[in-house]
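Hello,

Here is the structure I promised to pass on. Please have it open while you read; my notes follow below.

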Amino acid sequence: MSSLHFYNSLTRQKETFKSLIPGRVGMYVCGPTVSGESHLGHARPFITFDIVYRYLRHLGYQVRYVRNITDAGHFEEEGRVSEDKIASKAALEKLEPMELVQKYTNLFHSAMREFNNIEPSIEPTATGHIVEQIVMIEKIIADGYAYVSNGSVYFDVEKYHKDFGAKGMQYGILSGRIIEDQLETTRDLDAQDEKRSKMDFALWKNAAPGHIMRWQSPWGVGYPGWHIECSAMSTKYLGDEFDIHGGGMDLQFPHHECEIAQSVVCNHKMPARYWLHNNMITINGRKMGKSYNNVIKLSELFAGTHEILTQGYSPMTVRFFILQTHYRGTLDFSNEALQAAEKGLRRIWEGFMQLNRLDIEGTVTITAGDADLEQKCFMLLNELDEDMNDDLNTAKVLAGLFELVPVINSIKDGHIKLTDLTTATLRLMKEKFNSYLVDIFGLRDEKKQDDQKLGAVLQLIADIRKDARSKKDYATSDKIRDQLLEAGIQLKDEKDGGFSWELV
RNA sequence: GGUCCUGUGGCCGAGUGGCUAGGCAGAGCUCUGCAAAAGCUUCUACAGCGGUUCGAAUCCGCUCGGGACCUCCA
C-alpha cells in the first residue's frame, strides 16, 4: 500500500485517495456547537482531522481545510421544544447570545491551541452565512424539494428519494438506511403536523416568541435548520464537489445524510468524494455525552478536577492517547489508560530527544556492522509510511517507532555502536521520527527545557553535587537531588559521569 | 423493534488465514554509592460452540455479552 488509502463511509470500503485537482485538497469538517464548553469527546474529531490535514500537507498537497463554528443553535428536540439551545442557556445565564457564543468559541480555540491543532484555512460561522442558507433554501423550494408550512420550511425526503434515488443518490446512501424501513419505525413525535412526512427535516424554523436568535426570511422571522449551514458553507468555500468531508460517527445520520440531500438538490452532485468518520470516546463503555451525564470537560481533564479523575492529564497526553488507537475504533477512557499514555509519550519523546543528540555524521558508515539490526531498522522505518497510508493507522506507526526506541537508547548507552547501522539508516531514522512525531502527529514538548539561565544554574548545582559525591558525601548529594525533585526538577546521573535533568 | 459495529493477555490497544504488534503494569538480571533512567530476559490472549481450510484471533453460522445510530450529539 504505497499510496494513501481512506476508509470511505460512503462506499464502506478502503479506497485509494485521489484528489479532484492534482496537488490540491478540499476538506470540510463539522465543527463545534459553541453553546457550551468542549469536552473530551469533542477533542477526538478535531485531533483526528488535524492529523489528516497535517498528513496531506506532509504529502505535498495544498489543502483548504474548512471547519465551521455552529453558533446559530438548534432546537433541543425537533418538533417538541421549538427552542434554541443557545437561546435557552442565554436566558438562564442572563447573557446576550452572541456573548455566550463568543465565550465558548474563545474557549474552544484555546483548547485547540493547547492540543497543537493547526488552525483551519477557513472557519466560517453559521450566523455569518444566514444569507447563503436562505438562498439555498429558496433554490430547494423552487426545485420542488421543500415546502413551506406555518412559517417553517421542510425538506421533502420522499420526493427527493424517489427522484434522485433513480440517479443513484437515494436518501440513506451514506448511512445505509432504507427509507421504507425508516418510515415504519421512526418514532412518533409530538407536533408533527407541520411536516408532510415524519422523515422530512427542517431547513428553516419559524421562531417562537421569546426565541432570541432570529432572522428575517422570505418565510417570516426564524432561524436555520440543523443541516443547511454545512451545505451552504461547504459549497461556498469548496465548491459543488470536494474531496473530503469529516466528522464524528454520530453525525453520519441524520446530519450528513441530510447535508447530502440538500447539496445534491442544489448542485446535482454528491458533495464530497470521501466521507471520513471518527468513532466515539467512551467512558466505562458508554459514549460520552450530555444525555449520559458522563461528560468530562477539557478544562476539568487538564486540571484533574472531575470526580472520576485521579489526576490531570496534559493536552499532549490526551493527544497521544487518541493517536494510540485507530480513529475508527471506539476509545475507552480510564485513568489507567491515560496514565499509560502519559508514560508512553514520555518514553518515546525521550528516545526522540536522544536520537536528535546523536552525532550520526561523525563517522559515515556505508556498510552496517550488524546486518540483522540494520535490516530490522530499515524495515521498521519503511513500514511507517505503509501503516500511515493504510487509513491512517497511527497506532501502528507509533508501535513501529516504539520498537526503535531501545535501539536509540542502546546506542546512547554504548550497547550498540553507531557503526552497527549505516549512516543512511540513521539519517532516515532521524527524518522519520521528526516527520511523524512533530510534523504529522503534532506532538511537542510541554516542558519548556530551553531556559538557558535555569540550565546554567543547574550546571552549577550539579557540579557542587559531583564534588560531594567524589568525597563520598552522599548525604549532601542526595539532599541536592531530593530537594530539586521536590521543586519539580529531576536529576539523572549519566554513565559518563555527566548528568541530565527533566522538569516533572 | 429496525440498521450497523464490536468482544484480544492485569489494563489500554494493533493485527493482511500460516512469520504469534506496541504501550502501561508485574517478575528477574545488568549498570549505579543509592536512586532515576536505560538495557536484557520473562509471565499472563484471542467470549463460547460448531463449520470451511493442510492451517483461523483473522472467513462462515449459531449462542452469549458490550456498544452506536434511528432524537440534539464529536
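**The surface near the RNA**

The residues of the surface near RNA strand B divide into 18 nonpolar, 24 polar and 22 charged. Please keep in mind that this is a predicted model.

In total, 64 residues surround RNA strand B. The closest are Trp226, Leu251, Lys287, Thr325 and Asp413. Which element gives the most to this surface? Helix H13, residues 394-413, does, with nine residues.

Now the RNA side. Of the strand B atoms within 4 Å of the protein, 67% belong to sugar or phosphate. The rest belong to bases.

Three polar approaches to strand B are worth a look:

- Met288: a backbone N or O atom lies 2.7 Å from a base nitrogen of RNA strand B.
- His326: a polar backbone atom is 2.8 Å from a phosphate oxygen of RNA strand B.
- Lys343: a polar side-chain atom lies 3.1 Å from a phosphate oxygen of RNA strand B.

So much for the RNA; next, the protein itself.

**Domains of chain A**

The domain assignment splits chain A into domain 1 (20-278), domain 2 (298-440) and domain 3 (452-503). I looked at how domain 1 and domain 2 meet.

Their C-alpha centres lie 37 Å apart. The contact involves 23 residues of domain 1 and 28 residues of domain 2. About 2200 Å² is buried between domain 1 and domain 2. Carbon and sulfur atoms give 66% of that area. Which residues of domain 1 lose the most area to domain 2? They are Arg44, Tyr55 and Phe115. Together they make up 32% of what the domain 1 side buries.

**Polar links between domains 1 and 2**

How many salt bridges are counted between domain 1 and domain 2? The count is one. In a salt bridge, the side chains of Arg319 and Asp50 meet at 2.7 Å, N to O. Across the interface of domain 1 and domain 2, 10 residue pairs are in polar contact, both residues at pLDDT 80 or more.

On the side of domain 1 that touches domain 2, the elements giving two or more residues are helix H1 (40-58), helix H3 (97-114) and strand S13 (272-278). H1 gives the most, with 11 residues. By class, this side of domain 1 has 10 nonpolar, eight polar and five charged residues.

Best wishes

Terms used
Residues are numbered from 1 along each chain as its sequence is written. Chains are lettered from A and ligands numbered from 1 in the order in which they are written. This is a predicted model: local features need pLDDT of at least 70, side-chain atom pairs count only at pLDDT 80 or more; totals for chains, interfaces and linings use all residues. Side-chain values use heavy atoms; hydrogens and water are left out. Domain bounds come from an automatic or database domain assignment. Contact means heavy atoms within 4.5 Å. Buried area is the accessible area (1.4 Å probe) that two parts lose on being put together, summed over both. A salt bridge is a side-chain nitrogen of Lys or Arg within 4 Å of a carboxyl oxygen of Asp or Glu. A polar contact is a pair of N or O atoms within 3.5 Å; within protein, one must be able to donate a hydrogen and the other to accept it, and residues adjacent in sequence count only if both atoms are side-chain atoms. Helices (H or I, at least four residues) and strands (E, at least two) are DSSP runs, numbered from the N terminus. Ala, Val, Leu, Ile, Met, Phe, Trp, Tyr, Cys and Pro count as nonpolar, Asp, Glu, Lys and Arg as charged, and the others, Gly among them, as polar. A residue is near a molecule or strand if one of its heavy atoms lies within 4 Å of it.
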